[in-house]
Amino acid sequence: MVQTLVSTADPGTEPPNNLMPESQNIYRLCREARSVAEIAAELKIPLGVTQVLLSDLADQGLVYIHPTITGHSPSENQVLERALRGLERLFQ
Amino acid sequence: MGSNVSSNDTASMMSTKIVIAGGFGAGKTTLVGSVSEIPPVTTEAVMTEASRAHDDTSATPQKVTTTVAMDFGRLTLDRELIMYMFGTPGQARFWFMWDDLVRGAVGAVIVVDSRRLADCFDAVDYFEKNQNIPYVIALNKFDGQLEYTPDEIREALEISPDVPIIDFDARDRRSSGNVLKRLLEYTLSRPKSAELVG
């Protein structure tokens, strides 16, 4: 999903040389956790292409895909409450 | 920017998203810009559409690619939780991509310009039919006043009785932030059932 955060599995390292230049750029960006949409915007690659390149990197174990909270399961209520408290802090 | 997150924390970070919908020029991008901690970013999605049965385009290929721009902003809610706000493309012809954008959202805000109610009919219709995503109506006060009362707007747009209608000023950070808070409160107040599919 466009909001999903991605980070490199091993933050200190350079991308493997056998990756395509686009994938190497994605790898470097993901040393800090970033969303799919941010990666697409930063590298000026369309969202759909970014998603494909990321899923290839994930298949190779090079990047980690973070959990996304959708609020559809009652078990996520705790996180939604944290989100609400965060908004209250920011916009009191 | 954002470099205060050490690599040890990174693995436990999570994200969530809300969708900002509404008619063209209703104030979606202004709302995102008011609350986002980064300047609103535009990203592009290349969409492929099967071409309609145009009788005069026999020389063109069967598929049409369209580039659609989407605005988004970001809020860091705590050390491990980030919320993204995505503006839906304003023109009705791009709404075939809404399902992709809306999937997995914790909720939606429909920004309404009360002087041009008809512009948000399609957005209201979409979210009234898609009951999985809780939504609120945010009435943008252009010139500091509203043309109609919230009750009149609920009736005119056929909005479900439990959907909150909030008046706000999209240019004002706190007023816009309040809309997001109300949406989260509303999302939390709704019963959740396992049959809801994300």
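The exercises below, each with a worked solution, concern a predicted model of two chains, A and B.

**Exercise 1.** Describe the interface of chain B and chain A by its contacts, its buried area and the elements of chain B that contribute to it.

*Solution.* Begin with the contacts: 41 residues of chain A are touched by 51 residues of chain B. Next take the area, since the size of an interface is often given as the accessible area lost when the parts come together; here chain B and chain A bury about 3,800 Å² between them, with 65% of it on carbon and sulfur atoms. Polar contacts across the interface amount to 14 residue pairs, counted with both residues at pLDDT 80 or more. On the side of chain B that touches chain A, at least two residues each come from α1 (7-10), β1 (14-22), β2 (41-50), β3 (63-78), β4 (81-87) and α6 (173-189) of chain B. The largest share, nine residues, is supplied by α6(B), and by class this side of chain B holds 25 nonpolar, 15 polar and eleven charged residues.

**Exercise 2.** Identify the salt bridges between chain B and chain A, and state whether B:Asp78 and A:Arg82 are buried or partly exposed.

*Solution.* The count between the two chains is two salt bridges. In one of them A:Glu38 meets B:Arg74, with the closest N and O atoms 2.6 Å apart. Another joins the side chains of B:Asp78 and A:Arg82 at 2.8 Å, N to O, and this pair runs from strand β3 of chain B to helix α4 (residues 77-90) of chain A. To classify the partners, apply the cut-off of 20% relative accessible area, under which a residue is buried: B:Asp78, at 19%, therefore counts as buried, whereas A:Arg82, at 22%, is partly exposed.

**Exercise 3.** Determine which strand of chain A pairs with β1(B), and in which sense.

*Solution.* The partner is strand β4 (residues 68-69) of chain A, which pairs with β1(B) in the parallel sense over two bridges. At the residue level, A:Thr68 has B:Ser15 as its bridge partner in β1(B).

**Exercise 4.** Compare the setting of two salt bridges within chain B, that of B:Asp113 with B:Arg115 and that of B:Asp167 with B:Lys141.

*Solution.* B:Asp113 and B:Arg115 meet at 3.1 Å, N to O; B:Asp113 is buried at 3% relative accessible area, while B:Arg115 is partly exposed at 45%. B:Asp167 and B:Lys141 meet at 3.4 Å, N to O, and this pair links distant parts of the chain, 26 residues apart, with B:Asp167 in strand β7 (residues 165-168) and B:Lys141 in the loop between β6 (135-140) and α5 (150-157) of chain B. Both partners are partly exposed, B:Asp167 at 37% and B:Lys141 at 26%.

Terms used: Residues numbered from 1 in each chain as written. Chains lettered and ligands numbered in written order. Predicted model: local features only at pLDDT ≥ 70, side-chain atom pairs only at ≥ 80, totals over all residues. Heavy atoms only, no water. Contact = heavy atoms within 4.5 Å. Buried area = accessible area lost by both parts, 1.4 Å probe. Salt bridge = Lys/Arg side-chain N within 4 Å of Asp/Glu carboxyl O. Polar contact = N/O pair within 3.5 Å; in protein donor to acceptor, adjacent residues only side chain to side chain. Helix = DSSP H or I, 4+ residues; strand = E, 2+ residues; numbered from the N terminus. Nonpolar A, V, L, I, M, F, W, Y, C, P; charged D, E, K, R; others polar. Pairing = 2+ DSSP bridges. Buried < 20%, exposed > 50% of the residue type's maximum accessible area, 1.4 Å probe, protein only.
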